[in-house]
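Reader: I would be grateful for a close look at a single part of this model, namely the surroundings of the ligand. Please treat the contacts and the make-up of the shell together.

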Amino acid sequence: PSPTTAPPPVTTRPPLPPPPVAAQALPVGEDRVVPLKGVAKAMVRAMTEALQIPAFGYYDEIDVSQLSILRKSLKQVAEQRGIQLSYMPIILKAISLALLQYPMLNASLDASGDNVIYKASHNLGVAMDTPEGLLVPNIKNVQNLSIFEIASELNRLQAVGLAGKLGPAELSGTTFSISNIGAIGGTYARPVILPPNVAIGAIGKIQTVPRFDSSGELIKSQIMNVSWTADHRVIDGATMARFSNLWKQYLETPDMFLLSLK
Ligand code: CAO
């Protein structure tokens, strides 16, 4: 007797879908040529120059949990005086205090590349998203201002920026800048140095995330990321890291920050 073999399974394939019907061609518009003017044209020049700088990046996260509690109460006091107090004035003052320890980051390299000019003033540029585009007005002599005075000047610059009226008085003389891209979104960025400055920082969005405390307990933390870019011709990674660590310490332990305020 021959062995009985099962017949092969019958596989039925679903019918193929019909080929797509060619879409009716829609009219295509014409390309447009728009000449760059004003701020947009200046940005092409400045950013092309900036990319000649051999730059490096340095990134860290800052625990602003304590600072956020402090800012909440200071914000109410500032509001009574008609001033909006965001994190920026506090961040800027902490930068200025750290620059006092690391003045090389508030310097510039002269055109010959033979001299470093240490700038006496901390004119801190704040990248601003204005109706005219990206502008970087600066707050002058932050080393001599209180956090409240910085907030007041930032409020003024924001209002002038919104009105499209920022001029050379506000835009020239920046010695170091910071870009709060987190006000719009995102955590990390790669900011581009504004020549002739030697460093710039970008701040990400403050987020509530899990972290471990010193006793290993899982806690809710308010974390802000920072991305620094520095000119590697004159700044080394160790200087950037030490500067960033000091700045981070001020923001993470506001009571120590208070002790160092001038
Ligand atoms: N994380 C969480 N909250 C933030 C935040 C951040 N990174 N940045 C701002 N906020 C909060 C502020 O604390 C404030 O909250 P309250 O209402 O509770 O006070 C609110 O958002 C509005 O802040 P703001 O944007 O008006 O003020 P600011 O001082 O923080 O920032 C400015 C001012 C001018 C930096 C910002 O408005 C801006 O234009 N950012 C864009 C910068 C940019 O385009 N960078 C890219 C440059 S490279 O192309």
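Author: The following account describes the ligand site, with a brief remark on one residue at the end. The model is a predicted one, and the distances and areas given here are computed from it.

The shell around the ligand holds 21 residues, of which Arg 71, Ser 86, Ser 179, Asn 180 and Ile 206 come nearest. By residue class, this shell divides into eleven nonpolar, six polar and four charged residues.

Two side chains place polar atoms beside oxygen atoms of the ligand. For Ser 86, one of the nearest residues, a polar side-chain atom lies 2.6 Å from a ligand oxygen. For Lys 75, the corresponding distance from a polar side-chain atom to an oxygen atom of the ligand is 3.1 Å. Ile 206, also listed among the nearest residues, takes part through its backbone: an N or O atom of its main chain lies 2.9 Å from a nitrogen atom of the ligand.

On its own, the ligand has 970 Å² of accessible area, and the protein covers 68% of this. Helix H2 (65-80), strand S5 (128-130) and helix H4 (147-162) are the elements that each give two or more residues to the shell.

As for the remaining residue, Ala 25 is found in the segment that precedes helix H1 (38-50). Its relative accessible area is 73%, so Ala 25 counts as exposed, the cut-off for that class being over 50%. The C-alpha atom of Ala 25 is separated by 48 Å from that of Val 160, a residue 135 positions away along the chain.

Note on methods. Residues are numbered from 1 along each chain as its sequence is written. This is a predicted model: local features need pLDDT of at least 70, side-chain atom pairs count only at pLDDT 80 or more; totals for chains, interfaces and linings use all residues. Side-chain values use heavy atoms; hydrogens and water are left out. A residue is near a molecule or strand if one of its heavy atoms lies within 4 Å of it. A polar contact is a pair of N or O atoms within 3.5 Å; within protein, one must be able to donate a hydrogen and the other to accept it, and residues adjacent in sequence count only if both atoms are side-chain atoms. Accessible areas come from the Shrake-Rupley method with a 1.4 Å probe; for residues, only the protein chains shown count as cover. Helices (H or I, at least four residues) and strands (E, at least two) are DSSP runs, numbered from the N terminus. Ala, Val, Leu, Ile, Met, Phe, Trp, Tyr, Cys and Pro count as nonpolar, Asp, Glu, Lys and Arg as charged, and the others, Gly among them, as polar. Buried means under 20% relative accessible area, exposed over 50%, partly exposed in between (1.4 Å probe, protein chains only).
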